[in-house]
Amino acid sequence: MKQAIFVLFGTALCALSVTVFAMPNQIADGGILGIALLLFYAFGWSPGVITFISFILLQLVSFKFLPRNMFMKTMINVPLLSLFIFITEGMVTTPLGDPLVAAIFAGLTMGIGFGFIIQAGSSIGGTSTIARLLAQRYEWNVILTTFIMDAVIVFAGVFIIGPLYTLYTIIALFIGKVASDYVIGGFDAKKAVTIVSPEYREIAKRVTVNMTSSATYFNGSGTFTEKEHYILYVVVPSYRLLMLKRLIREVDPNSFVVVHNVKDVSGGTFFAPPVETTEEEIEEEVEALSEDENYEETRTYQGDRPPVE
């Protein structure tokens, strides 16, 4: 049920992006939708009808060559998108007045809609289907082939809508990509921090006590120094990154720190409620681990209380 709602909502947003923001303001797109919009600007042909006809042709060509699950994913969604576009084509006929604003909202609406469609495990077909077909027949790179076809469609707009509106189209595509990434990956991005420092014990202790967070540490060695040492790995919400970096600088200003963007975190102690842990308890645990000869050199802590070495 949830996936069906996502497909309906996402498809409706994609259709409204085309009919409300793109069509009245001469904004194009990539893929099959881009071809349909360019034909609309050039000859006045209905984008809904062109999208549906293109879909039928693609399905007939790709039926014998593409995996069944990929074929079935587009069987409902693309006709539904064509129907929504056809129904809402006459909803807005007056240009917005500012093509840049139209491009921004066309990209934003399309990106959010596409993100919900991907979240539901569906697809809107298009040039990616053609690229996969060519990959199976001629072993072409799918991503590169898709990019080249979309680029050709977008830049073909120079001859129909002109260079300026083609640039507006590129802006819309960029905003759409960013918006879909946020919908797919989540708005609350996390930061994964890798820390290399001889003061790893103190840093780990402060992460546990001061930030009520947890740290994973594993054994590593540098190729230049050829010395073995522990490496700390910490995942924190984005808004706590500055606090963590300040804590690290206070302990060891010369520590080597690498920050990675993380979109999805689940399990472990990351979402566990903070546990009251005193410094005495941590010190006792550190001593116990140091005296344990059978202690593993690499270990990830997932328990009820985030320990440190």
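**Reading a predicted model, from salt bridges to strands**

Student: Is Glu250 buried or exposed, and how would I decide?

Tutor: The general idea is to look at the relative accessible area, where a value over 50% counts as exposed and one under 20% as buried. Glu250 has a relative accessibility of 55%, so it counts as exposed. Please keep in mind throughout that this is a predicted model.

Student: Which residue forms a salt bridge with Glu250?

Tutor: A salt bridge is recognised when a side-chain nitrogen of Lys or Arg lies within 4 Å of a carboxyl oxygen of Asp or Glu. Here the partner of Glu250 is Arg206, and their closest N and O atoms are 3.3 Å apart. Because Glu250 belongs to helix 10 (residues 241-251) and Arg206 to helix 9, the pair ties together parts that are 44 residues apart in sequence.

Student: What else does Arg206 meet in a salt bridge?

Tutor: Its side chain also meets that of Glu202, at 3.0 Å from N to O, and these two residues, four apart in helix 9, are separated by about one helical turn. Glu202 in turn forms a salt bridge with Lys205, with 3.3 Å between the closest N and O atoms, and this pair lies three residues apart in helix 9 (residues 200-210). As for their surroundings, Arg206 is partly exposed at 27% and Glu202 is partly exposed at 25%, whereas Lys205, at 13%, is buried.

Student: How many salt bridges are there by this rule?

Tutor: The count comes to four.

Student: How should I read a loop residue such as Asn25, and where does it lie?

Tutor: It helps to place the residue first, then to ask how covered it is, and then to list what its atoms reach. Asn25 is in the loop between helix 1 (2-22) and helix 2 (31-43), and with a relative accessible area of 7% it is buried. Its side chain reaches the backbone oxygen of Phe21 at 2.8 Å. If neighbours within four places in sequence are left aside, Asn25 touches several residues, including Val20, Pro95, Leu96 and Tyr165.

Student: What does a nonpolar patch on the surface consist of here?

Tutor: For a patch, one looks for nonpolar side chains within 5 Å of one another, on residues with over 30% relative accessible area. In this model such a patch includes Val49, Phe52, Ile56, Leu83 and Phe86 among its members, and together the members of the patch offer about 940 Å² of accessible area. Helix 3 (47-62) and helix 4 (68-88) each supply at least two of the residues, and helix 3 gives the most, namely seven. One of them, Ile56, lies in helix 3 and counts as partly exposed at 35% relative accessibility.

Student: Which strands pair with strand 1, and in what sense do they run?

Tutor: Side chains in a regular strand alternate between the two faces of the sheet. Strand 1 is joined by seven bridges to strand 3 (residues 228-237), and the two run antiparallel, with Ala192 standing opposite Val235. Strand 1 also pairs in the antiparallel sense with strand 4 (residues 256-262), again over seven bridges, and there Lys191 has Asn261 as its bridge partner.

Student: Why is strand 1 described as largely enclosed by the rest of the structure?

Tutor: Six of the seven residues in strand 1 (residues 190-196) are buried, so the strand is largely enclosed by the rest of the structure.

Note on methods:
Residues are numbered from 1 along each chain as its sequence is written. This is a predicted model: local features need pLDDT of at least 70, side-chain atom pairs count only at pLDDT 80 or more; totals for chains, interfaces and linings use all residues. Side-chain values use heavy atoms; hydrogens and water are left out. Patches are made of residues with over 30% relative accessible area and no salt bridge: like charges are joined within 9 Å, nonpolar side chains (Val, Leu, Ile, Met, Phe, Trp, Tyr) within 5 Å. Accessible areas come from the Shrake-Rupley method with a 1.4 Å probe; for residues, only the protein chains shown count as cover. Buried means under 20% relative accessible area, exposed over 50%, partly exposed in between (1.4 Å probe, protein chains only). A polar contact is a pair of N or O atoms within 3.5 Å; within protein, one must be able to donate a hydrogen and the other to accept it, and residues adjacent in sequence count only if both atoms are side-chain atoms. Contact means heavy atoms within 4.5 Å. Two strands pair if DSSP finds at least two bridges between them.
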